[in-house]
Amino acid sequence: MLDATDRALIALLRENARIGHAEAGRRLKLSRTTVQARVESLERRGVIAGYTLRLAEEVASRMVRAHVTIVVAPKASGGVVSALQRMPELRALHSVAGVFDLLAVVEAEDVPSLDAAIDKIGALDGVERTQSSIILSTKFER
């Protein structure tokens with residue numbers, strides 16, 4: 001589905017999604033029009049589903065994050081996922097195998113806000129139990 005050029009272009013866009021087609025072309029040794037056509041093709045085929053915002057390190061480093069593992073009552077998963085999706089503090093939600101059903105990545109400006117978000121998760125109908133791990137530092141992130 002993806003050739004080496006597509007993978008190199010995706011890696012470049014992951015590094016900086018706002019890179020111009022001309023600059024991407026220079027780095028990949030392709031023409032601007034080739035880069036533009038490949039990006040459009042990747043978007044059309046659904047390989048690139050969208051673009052997102054990444055905060056500057058000095059802003060992101062001030063945020064408090066936690067991994068919250070969640071046990072969901074049988075047959076309550078859909079409602080819990082819908083409720084979690086509406087919480088702006090959640091950066092990601094993963095379905096996991098093992099003792100827990102879901103793993104949420106929660107982010108807030110300070111500890112009281114993080115605590116409130118975690119309490120809100122625990123209070124959702126269908127959530128049986130949560131366990132939180134505060135992230136102290138991030139060694140690398142892609």
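Visitor: Why is Glu107 called buried or exposed here?
Guide: Glu107 has a relative accessible area of 17%, and a residue counts as buried under 20%, as exposed over 50% and as partly exposed in between, with a 1.4 Å probe and protein chains only, so the label for Glu107 is buried. This is a predicted model, in which local features need pLDDT of at least 70 and side-chain atom pairs count only at pLDDT 80 or more, while totals for chains, interfaces and linings use all residues. Residues are numbered from 1 along each chain as its sequence is written, and side-chain values use heavy atoms, with hydrogens and water left out.

Visitor: Which residues does Glu107 touch, and what makes that a contact?
Guide: Leaving aside residues up to four places away in sequence, Glu107 touches Met63, Val64, Arg65, Glu89 and Arg91, where contact means heavy atoms within 4.5 Å.

Visitor: What makes Arg91 and Glu107 a salt bridge?
Guide: The term requires a side-chain nitrogen of Lys or Arg within 4 Å of a carboxyl oxygen of Asp or Glu; the N to O value for Arg91 and Glu107 is 3.6 Å, so the pair meets the definition. Arg91 lies in strand S2 and Glu107 in strand S3, so that the pair links distant parts of the chain, 16 residues apart. Further salt bridges share partners and thereby join Glu15, Glu23, Arg26 and Arg27 into one network.

Visitor: How do you know that strands S1 and S3 pair?
Guide: Strands are DSSP runs of E with at least two residues, and helices are runs of H or I with at least four, numbered from the N terminus; two strands pair if DSSP finds at least two bridges between them. Strand S1 (residues 64–72) and strand S3 (residues 102–108) have seven bridges, in the antiparallel sense, so they qualify. Arg65 has Glu107 in S3 as its bridge partner. Helix H6 (residues 111–122) packs on the sheet, where this helix touches S1, S2, S3 and S4, and its direction makes about 10° with that of S1, the axes being lines fitted to C-alpha atoms, for helices over the stretch in contact, with angles from 0 to 180 degrees between N-to-C directions.

Visitor: Why are S2 and S4 called edge strands?
Guide: The open sheet has four strands in the order S2-S3-S1-S4, with antiparallel pairing. Strand S2 (90–95) and strand S4 (127–135) each pair on one side only, and these are the edge strands.

Visitor: How do you know that Arg38 forms salt bridges, and with which residues?
Guide: For Arg38 and Asp3 the closest N and O atoms are 3.0 Å apart; Arg38 lies in helix H3 (residues 32–44) and Asp3 in the segment before helix H1 (4–15), so the pair ties together parts that are 35 residues apart in sequence. For Asp6 and Arg38 the value is 2.8 Å, N to O, and this pair links helix H1 with helix H3, 32 residues apart.

Visitor: What makes the accessibility labels of Arg38, Asp3 and Asp6 what they are?
Guide: Arg38 has a relative accessible area of 24% and is therefore partly exposed, Asp3 at 32% is also partly exposed, whereas Asp6 at 6% is buried.

Visitor: Why are Leu53, Leu55 and Val59 called a patch?
Guide: Patch residues have over 30% relative accessible area and no salt bridge, with like charges joined within 9 Å and nonpolar side chains (Val, Leu, Ile, Met, Phe, Trp, Tyr) within 5 Å. Val59, in helix H4 (residues 57–60), has 34% and is partly exposed. Leu53, Leu55 and Val59 together form a nonpolar surface patch with about 280 Å² of accessible area, from the Shrake-Rupley method with a 1.4 Å probe, where only the protein chains shown count as cover for residues.
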